[in-house]
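Let's take a friendly walk through the inside of this protein, looking at how some of its helices pack. Keep the structure open beside you as you read.

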Amino acid sequence: DTAGRAAAFERTIAADERIEPRDWMPDAYRATLVRQIAQHAHSEIIGMQPEADWITRAPSLRRKAILIAKVQDEAGHGLYLYGAAETLGTSREELLDKLHAGRHKYSSIFNYPTLTWADVGAIGWLVDGAAITNQVPLCRCSYGPYARAMVRICKEESFHQRQGYELLHTLAHGTSAQRAMAQDAVDRWWWPSLMMFGPPDDASPRTEQSMAWRIKRHTNDELRQRFVDICVPQAEALGLTLPDPELRWNEERGHWDFGPVDWAEFRAVLAGEGPCNEERISRRRRAHAEGAWVREAASAYAAKHPRGDAA
Ligand code: FAQ
């Protein structure tokens, strides 16, 4: 009966064990996971666009090869995540339709433009850095398939983060024009990276329930603080500054204090008014339409070669 199954669900959560696809789960738990995993998956594939703009303009063959591999990894992350959402009974097609119709969110960060080559470095260092800080705790999320997808994604994200850091380090130690380009990129990406963690705790409607279900393990503000604490010494090592005059070590708290985030800007980006919202979604729709023949061919092939047939 439902009461018994609900009790079993609660026991599994309380024991810090994993919920698996065939287990009973409350409808709201399922809906929350689909929402978060879909938003995450969409972020991965929309997130390919800002950096892909620099593939043809990468300054060397080595940098080009690295960037192609990184952008390809993001596509892979999208696939793991759409796969995790499928285990909850929602098809990839349905989720993509909602993204294309503007009914699903993706991370605010990908609505900002990549103006120079140094932005590729700043994205790796800050955006991938923020993503890892947020995602490492998700490896212990209560839903098994999402937690397992996160383990693999985090390993690849760490590599991406090092890539960005190394790129920025090279620019920061190059000519004065290269140094200025690196600093300008960090100035533009810093605040939007802090927004990736979501609204402040007192304005985050989802946190409490998601923490109770052990989907989230920390609040948005806790992770944002952790990220700031990680970045301050890294910026120093890079020889770059973070664009916040209020950054100050707080001995009592044992953390870096930082200035106020512009939440009005965050809300505007979520409402579709960021610098690149329209461009990102129209390019995604176009890519999907242009890929229709690939999906058709793959389905036709699958129909001709039943499961288990060697390709
Ligand atoms: N952008 O109550 P909360 C990447 C929404 S990393 C847009 O705090 P929650 C890697 C939120 O969904 C980026 N929307 O919600 C990469 C909710 O919407 P709803 C993706 C945001 O879920 C790197 C509403 O605001 N990572 O892609 C944002 O408890 C480089 C209220 O917020 C993930 O998705 C935002 N920044 O906490 C790829 C991680 N923040 O549905 C390419 C998984 C909040 O109520 C290149 N997600 N919202 O209307 C999470 O950890 C959580 O969903 C949070 C939000 C922490 C993002």
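This report covers the nonpolar core, two helix pairs and one cysteine. Please keep in mind that the model is a predicted one.

**The core**

A good place to begin is the largest nonpolar core, which has 76 residues. Within this core, Tyr29 and Trp125 are the residues with the most contacts. Among helices and strands, the top contributor is helix α7 (residues 144-172), which gives 9 residues to the core. As general background, nonpolar side chains in soluble globular proteins tend to be buried together.

Which residues does tyrosine 29 touch, once those up to four places away in sequence are set aside? The list is Phe9, Ile13, Ile19, Ser142, Tyr143, Trp213 and Ile215.

**Two helix pairs**

Here are the packing values for two pairs of helices.

| Helix pair | Angle between axes | Distance between axes |
|---|---|---|
| α2 (residues 27-46) and α5 (residues 92-100) | about 70° | 11 Å |
| α6 (residues 118-135) and α10 (residues 220-238) | about 145° | 10 Å |

With an angle of about 70°, α2 is roughly perpendicular to α5, because angles from 65 to 115 degrees count that way. The crossing of α2 past α5 is right-handed. On the α2 side, the contact is made by Val34, Ala38, His42, Ile45 and Ile46, and these meet Leu95, Leu96 and Leu99 of α5. Sorted by class, this contact comprises 7 nonpolar residues and 1 polar residue, with no charged ones.

Turning to the other pair, α6 and α10 also form a right-handed crossing. From α6 come Trp125, Leu126, Gly129, Ala130, Thr133 and Asn134. Their partners in α10 are Leu223, Arg226, Phe227, Ile230, Cys231, Gln234, Ala235 and Leu238. The residues of this contact divide into 9 nonpolar, 4 polar and 1 charged.

**Cysteine 231**

One residue of the α10 helix is worth a visit of its own: cysteine 231. Is cysteine 231 buried or exposed? Its relative accessible area is 1%, so cysteine 231 is buried, the cut-off being under 20%.

What surrounds cysteine 231, leaving aside neighbours within four places in sequence? Cysteine 231 is in contact with Trp125, Leu126, Trp190 and Leu242. Two of these, Trp125 and Leu126, belong to the α6 side of the helix contact described above, and Trp125 also appeared as one of the residues with the most contacts in the core. Cysteine 231 and alanine 130 are 101 residues apart in sequence, yet their C-alpha atoms are 9.5 Å apart in space.

Conventions
Residues are numbered from 1 along each chain as its sequence is written. This is a predicted model: local features need pLDDT of at least 70, side-chain atom pairs count only at pLDDT 80 or more; totals for chains, interfaces and linings use all residues. Side-chain values use heavy atoms; hydrogens and water are left out. Axes are lines fitted to C-alpha atoms, for helices over the stretch in contact, and angles run from 0 to 180 degrees between N-to-C directions. Helices (H or I, at least four residues) and strands (E, at least two) are DSSP runs, numbered from the N terminus. Angles under 35 degrees count as roughly parallel, over 145 as roughly antiparallel, 65 to 115 as roughly perpendicular and the rest as oblique. A crossing is left-handed if the near helix is turned anticlockwise from the far one by less than a right angle, and right-handed if clockwise. Contact means heavy atoms within 4.5 Å. Ala, Val, Leu, Ile, Met, Phe, Trp, Tyr, Cys and Pro count as nonpolar, Asp, Glu, Lys and Arg as charged, and the others, Gly among them, as polar. A nonpolar core is a set of buried Ala, Val, Leu, Ile, Met, Phe, Trp, Tyr and Cys residues joined through side-chain atoms within 4.5 Å. Buried means under 20% relative accessible area, exposed over 50%, partly exposed in between (1.4 Å probe, protein chains only).
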